[in-house]
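Thanks, everyone. Let me put the chain on the screen and walk you through it.

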Amino acid sequence: MSTPHSSSNVHDRAQQALADDFLRKAVHFTTDRLRNKKQAVTGEFGNWEAWRERGQQIRQHTIAHLDYYLDQFARHLEAHGAHVHFAATGEEASYIVREIAAAKSAKRAVKSKSMVTEEIHLNHHLEEMGVQVVETDLGEYIIQLAGETPSHIIIPAIHKNREQIRDLFEAESGEQLTTETRDLAAFARRRLRQEYLTADIGITGCNFGIAETGSIALFTNEGNADLVMNMPKTHIVLMGMERVLPTMSDLEVFAHLLPKSATGQNVITYMSIVTGPRRDNEADGAEEMHVIILDNGRSRQLGDPDFQAILHCIRCGACLNVCPVYRQIGGHAYGSVYPGPIGAVLSPLLNDGETYQDLPYASSLCGACYEACPVKIPLHDMLVRERQRLVATGHVKPAEKAAFRAFRQVFGNAGRYQTTIRIARRLQFPLAHDGYIRAKIGPVAGWTTSRDFPALPKRTFRELWPELVRKGNGRG
Ligand code: SF4
């Protein structure tokens, strides 16, 4: 799997994305639509803030008692005949799936959309052992054929147009196809139906696990998850350990919050709830069900007052649709499975090491993500705290360090500040025109390449103030 941008840092990848006019238009178009639909549907629904409040309370309570609810969830699942596995790492989760596949002599697997399986690169691990995995969500199927990774949590192929999709489908099938959405969807439907019939294993994610019943709730718009979990003999569920809810009535709250936030739909098209494998008197369902509950860095956030709330996330993608950075650069530029504001916070938390440490800087800190989040996660505050952490652990460029030291020296002393202003005003003289500096020189070039830099005024407010007071304009 690849992304169209291969550079190793977010700045370079963002530059490549910004040069791609098609990508920017496509991302703008789709995120605008999702955002506008969400606004319309939540306005019509009413009391949206009260629903957000309730969603936040449920998630806070659940994550604060996660050990209790996970234990209850696992016990109820086992009582219904499911096998429950706890995996500390992505490798462990992949190993468990491979063991199940080997025990079943599986050759083919169908899969519904799941960010956790992307996180652990499950398809790659299965294909390595000779199991062919077919994605059945239309967007995921498209990017699987393209050999790419998703660029949005909810709309994985947001960066593809109909011509590109037609070309991918023609290359796969050898058939001639039109660019009509109906024809393209019909081709995918024909092709995928065969896959459901021949797959040995069905793999799904889990939107929510219900502790009081031991049920798995899955939300889709295509109904593909129902076929994935019912047609093959073995159903494997992968879920992040935080995706549990205490009760069915809590699910009702999220049955509103998730589709409204994700796609601006009043209700999801298919909400399927499965509680264990098929029983003797039942007509459908898998004969064997395995639920793999993944940690992979999540439990490190428990008890951390700065970051525990990241486990409240329900992966709706609403923060991506409003983020001024994501809307310009799309998902691949983040270089992580989780893009946008949630990815910028989550990826460095889940992964130790250097790989994602530049992501907390891929944000304007405008707070739009917080306003959009159905469970009120303060992503913008977390981004600042991640930056603080990086600085505290020495992850800061020497030039940046020197710049901030100079800033502190100047702004920490009134005399020094005034002297610096006087010197800077003289130095800017050859560069300032009509109140702006437009020359691309030295450290301001990064700004002046695409914007005008305001020049220092002839007199600063501090210099004007005594005069205003003398004239009597400086009071009240
Ligand atoms: S952080 Fe909030 S808005 Fe973003 S994906 Fe998670 S729940 Fe949705």
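Start at helix 1, residues 10-18. V10, R13, A14 and A17 are buried there. Those residues span an arc of only 100° around the axis, so they sit on the same side of helix 1. That fits the general rule: an α-helix has 3.6 residues a turn, so residues three or four places apart point the same way. What covers them? The cover over the buried residues of helix 1 includes helix 2 and helix 14, residues 326-329.

A word on what you are looking at. This is a predicted model. The chain has 476 residues, and 48% of them count as buried. Its secondary structure comes to 21 helices and 13 strands. The C-alpha atoms fill a box of roughly 90 × 55 × 45 Å along the principal axes. Take the contacts with a separation of 6 or more: residues 24 or more positions apart account for 71% of them.

Here is one example of a long sequence separation. K25 lies in helix 2, residues 21-45. K25 and R327 are 302 residues apart along the chain, yet their C-alpha atoms are separated by 9.1 Å. Is K25 buried or exposed? It counts as exposed, because its relative accessibility is 63%, and the cut-off for exposed is over 50%.

Now the parallel sheet. Six strands form it, in the order 1-10-7-4-2-3, and the sheet is open. Which strands stand at the edges? Strand 1, 83-87, and strand 3, 132-135. Each has a single partner strand, so one side of each is left without a neighbour in the sheet. Neighbouring strands of this sheet are turned by 20° against each other on average, direction ignored.

Go through some of the pairs. Strand 2, residues 108-111, runs parallel to strand 4, and three bridges join them. K111 stands opposite I203 in strand 4. On to strand 4 and strand 7, residues 234-240: parallel again, over four bridges. There T204 stands opposite V237 of strand 7. Then strand 7 and strand 10, residues 288-294, also parallel, with seven bridges. L238 stands opposite I292 in strand 10. Helix 5, residues 90-103, packs on this sheet. It touches strand 1, strand 4, strand 7 and strand 10, and its direction makes about 150° with that of strand 1.

Stay with strand 4, residues 201-204, for a moment. In a regular strand the side chains alternate between the two faces of the sheet. Here I201 and I203 point one way, G202 and T204 point the other way, and all are buried.

There is another sheet, with four strands. The order is 8-5-6-9, the sheet is open and the pairing is mixed. Strand 8, 244-245, and strand 9, 270-274, stand at its edges with a single partner each, so one side of each has no neighbour in the sheet. Strand 5, residues 208-210, and strand 6, residues 215-220, pair antiparallel over three bridges. The partner of I210 in one of the bridges is S215 of strand 6.

Just past strand 5 we meet A211 and E212. Which residue of helix 4 touches them? Q72 does, leaving out residues up to four places away in sequence. Q72 lies in helix 4, residues 66-79. It counts as buried because its relative accessibility is 15%, and the cut-off is under 20%.

Next, a helix pair. Helix 9, residues 162-173, and helix 10, residues 181-198, have axes that come within 11 Å and cross at roughly 35°. The crossing is left-handed. On the helix 9 side, the contact is made by R162, I165, R166, F169, E172 and S173; on the helix 10 side, by T181, L184, F187, A188 and R191.

Last stop: helix 17, residues 379-392. It has 14 residues and reaches 20 Å from first C-alpha to last, close to the 20 Å expected at 1.5 Å a residue. L379, M382, L383, E386, R387 and L390 are buried. They cover an arc of only 145° around the axis, which puts them on the same side of helix 17. Q388 and A392, on the other side, are exposed. The cover over the buried residues includes helix 13 (318-322), helix 15 (340-350) and helix 16 (368-372). After helix 17 comes G394, with a positive phi near 85°.

How values were computed: Residues are numbered from 1 along each chain as its sequence is written. This is a predicted model: local features need pLDDT of at least 70, side-chain atom pairs count only at pLDDT 80 or more; totals for chains, interfaces and linings use all residues. Side-chain values use heavy atoms; hydrogens and water are left out. Helices (H or I, at least four residues) and strands (E, at least two) are DSSP runs, numbered from the N terminus. The expected span of a helix is 1.5 Å times one less than its number of residues. Buried means under 20% relative accessible area, exposed over 50%, partly exposed in between (1.4 Å probe, protein chains only). The arc is that of the directions from the helix axis to the C-beta atoms. Contact means heavy atoms within 4.5 Å. Two strands pair if DSSP finds at least two bridges between them. Axes are lines fitted to C-alpha atoms, for helices over the stretch in contact, and angles run from 0 to 180 degrees between N-to-C directions. A crossing is left-handed if the near helix is turned anticlockwise from the far one by less than a right angle, and right-handed if clockwise.
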